[in-house]
Amino acid sequence: MHEHVNLDREFILANKEKKVLLVGQANVGKSVVFSQLTGKYVTVSNYPGTTVEITKGFGEKGLLIIDTPGVSGVVPKSEDERISFEMIANASDNDILLHVGDAKNFKRTLLLALTFAEASLPMVLNLNMIDEAEKRGISIDVSRLSSEMGIPVVSTAAISGRGMENLKKAVEEPSKPKKIVNYDPRIELAAEKISEILKEYFGGRSRFVALTLLASNLSYVDEFLSNLDFKLRKEIKKIILDTQSQFAEPLSLLIIQSRNEVVERLFSSVVLMRSMKARLAKNFYDPSFHPVFGYVILLAVLYVLYQFVGVFAAGTVVDFFENVLFGKYINPFFIRIFQLINIPFMTDLFVGEYGLITMGLTYAIAIVFPIVTAFFLVFSFLEDSGYLPRLAVLLNRTFNWLGLNGKAVVPLVLGLGCGTMATMVTRVLDTKKERIIATLLLALGIPCSAQLGVILGFFSILGFKALIFFFLLLGIQLVLVGYLSAKIIPGKKSAFITELPPYRFPQLKNIFLKTYYRGRWFVKEAIPLFMLGTFILFAADKIGILPTFNNLVSPIVKGWLDLPPKAAEAFILGFLRRDYGAAGLYALFEKGMMNSLQAFVSMLVITLFVPCIANFMMIIKERGLKTALAITGFVFVYSFLAGGLINKILRLFNVSF
Amino acid sequence: MTEREFKRKSCSTENFADEVLEEIWIEFENNNKEIKPGIEVEADQVPKDTLNDLLEQGYIEKQDEKLILTDQGFERAKHLIRSHRLAERLLSDVLNFSDEEVERTACRYEHLLTDEAVDSVCTLLGHPRSCPHGKPIPQGRCCVEGAVKFRPLVVSLADLEPGEEAQVEYIGTKDNTRLAYLTSFGFVPRRTIRLLRKRPAFVVAVEESFVSLDEELAKEIFVRPRLTQVKLRRKKRRGFGWGRK
């Protein structure tokens, strides 16, 4: 057994267990294959990054199967792709590589297959979505391909189960691929030299690692081999530089070209097209790209979101959960129990004003959970339909202003559902700068669905015009902050490229399962933090800190924001629970302690205010403590500053709603 | 090398000086040494007869006991290598000559072409960076200026019109991550693609999928448009419509 590098990734298992690694691009049905093989379903989606977490399952004969993040090219270009490459690099000799690919995009699939083949592992090539290929008049001589490559090749349409039996059989009898790619002898030599150095770390995978490094930027070499001795890394980099200097073209291109020659050869001998003339699509009409209609569609989508999440979920469902389920049954039940136990401290802790059950659990399950779940339902529908990449294209230019590109659509839209999850998803963005800007915008001004519920409730009183004005103000500020941070934060913007999958009517089963997984994540990750937040409030109340905080903050709240001092408490609560902060303000407004202008300002400030505790924790996890504190600090100051400024300006012009 | 070896290698019976300069350049390239005016030339790289020629024409000068490549010598060598390799590209890519024929013919071109002629060929080919053997082509002024005087044979994807089909020639960026990005979506040399639209972003048909990318990336992809009849909408014709019907 050879030593392994990069062992500190949680999801690399103990090496002894034989496993099947599912590799391939995103959006080729890899997750569907996984679920078919393991009997356990996994999130399926149309754009890179959703299957960020590594999923494991067991096949029929107890074989461990691992689904890896989608890989798009011969060299990893994002963090989750790097994870996949690392997993292959660290695989042991009897692990099996199952490459799932899109049958109709044969050349693209084969280029990847030849890349994986360099790992010299027992391998199976699965040409999935064969039905789509057939519909286009493409037929593939699978047995010929299999003999050319030296590995079993199985075509499937996993979603209907077609071909899955053959695939399962093939996985039991994989074979090592033949060496059919010929590189330039100088590159071959370099690969051998680097392999030699890495042999004791990666064993049979050294060649794969060597070729990957030769095709990568030097910075990646440092990253990938970070656990390796510095001298060895230097030696490897020297070999790479020396090799590169002998060519005018980048090594990655040359390596790809060598592989491509084989791809072209295989294509011509194995693929038959109904009409042999090159028949690339001649046009691309899509209403979502229309300069006017595209935005109309977007507004329609937002309206549906609003109706389903805001009105139905936030209104009807939450009402039921909060007032009936918890109000009439659960809370009273527990109150009675604690009265019986009769320990005042416990009573307070669980069912008091800041009680874990009466406040924490009620809030999390009765209020936030239904809203977030409803959002996930709609979002999953959008994902599966193929709309999201088109939205990304539509908004790409606008996002460029913010130092982002269309890819940011996913995390930012998710932010309307749950900021914590959205912050996690910022992983899909390519550069650090973009990840920071997206995280900042999420923390600053993208209200999560729980908050939106309260905001909409608020504005149902203040009026529709006020609502529009509110969102306009918010939007402008987001653009401004984004624009400025793009200027200030060093780094490049990444280029935007995405595939536009065909519009597909989503399968309901998919949607429900995706929502289930996301909902389950939420329960596991976010709810405990809400409970923690409640507990902190409880403690603060018991110790008597709350009034002190109030007094500290109230001069600003009163003088600068012109709001009643009680509002300060709501802001503090806003950190621990976004929604509660907003609800607190709503309560003040209802009781007549704030007029409509104050209400407007308070809404603005609470929206801009620091991220909720769950989100804050996630930012620390994703961006690091320093960045998290910097962002939170900035947002804290900014929200008061901007809120106060807007407040003063509105007063100056005597605006009322 | 000996005088005889040398004469055998060269294709021209007259311009030995030129040949020697080229050999010098290639030697330096092979040894990964930077070529610039003022570098020392090994005595055995220059056959005795030709040495006088080179000294006379001012391509090489003697400093102390050493032979030094002059500014003129550098420029001349650069021009020769550039012409030779561009000619190779022209013959092999456009005129589809066999490797042998390319060898024989390209060798003559370099002595015939003027600077301007070379620049024109370079522009025509879209300022290629390397010859068919992978050796770098020294840049000329036209490359620096990114000259597009008439529509070159090879253009960037950004310069195509919607509806045009083209074959990918090469990718402009040298950044490996970007390259990986682009190639993973199917933008590899010799792949045929079709540009479908430019707004709100570029949409390209590649194999059986549609890929969308922004202009920045589109500028990095260099393609050779199919010389077929194409319906061009509201297009401003630039210079000749080379090969267009």
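**Exercise 1. Find the order of the strands in the open sheet of chain B, and decide which strands stand at its edges.**

*Solution.* In this predicted model, the open sheet of chain B has three strands, arranged in the order S1-S3-S2 with antiparallel pairing. The next step is to look at the edges, where strand S1 (40-41) and strand S2 (60-63) of chain B each have a single partner strand, so that one side of each is left without a neighbour in the sheet. Finally, one pairing can be followed in detail: S2(B) is joined to strand S3 (residues 66-69) of chain B by four bridges, and the two run antiparallel. Within this pairing, B:Ile60 stands opposite B:Leu69 in S3(B).

**Exercise 2. Describe the contact between chain B and chain A, beginning with how many residues each chain gives and ending with the polar contacts across the interface.**

*Solution.* Begin by counting residues: chain B contributes 49 residues to the contact, and chain A contributes 50 residues. The size of an interface is often given as the accessible area lost when the parts come together. Here chain B and chain A bury about 4600 Å² between them, and 53% of it lies on carbon and sulfur atoms. On the side of chain B, the residues that lose the most area to chain A are B:Tyr181, B:Glu207 and B:Glu208, which together account for 17% of what that side buries.

Then turn to the charged pairs, where the rule finds three salt bridges across the interface of chain B and chain A. One of them joins B:Arg191 to A:Glu264, with the closest N and O atoms 3.8 Å apart, which is inside the cut-off of 4 Å for a salt bridge. Residue pairs in polar contact across this interface, both at pLDDT 80 or more, number 16.

**Exercise 3. Determine which elements of chain B supply the side that touches chain A, and find a strand pairing that joins the two chains.**

*Solution.* Several elements of chain B each supply at least two residues of this side, among them strand S5 (165-171), helix H8 (176-184) and strand S8 (209-213). The largest share, nine residues, comes from H8(B). Sorted by kind, the residues of the side of chain B that touches chain A are 21 nonpolar, twelve polar and 16 charged. For the pairing, look at S8(B), which pairs with strand S9 (residues 497-500) of chain A in the antiparallel sense over four bridges. In this pairing, B:Leu213 in S8(B) is the bridge partner of A:Ile497.

Methods:
Residues numbered from 1 in each chain as written. Chains lettered and ligands numbered in written order. Predicted model: local features only at pLDDT ≥ 70, side-chain atom pairs only at ≥ 80, totals over all residues. Heavy atoms only, no water. Contact = heavy atoms within 4.5 Å. Buried area = accessible area lost by both parts, 1.4 Å probe. Salt bridge = Lys/Arg side-chain N within 4 Å of Asp/Glu carboxyl O. Polar contact = N/O pair within 3.5 Å; in protein donor to acceptor, adjacent residues only side chain to side chain. Nonpolar A, V, L, I, M, F, W, Y, C, P; charged D, E, K, R; others polar. Pairing = 2+ DSSP bridges.
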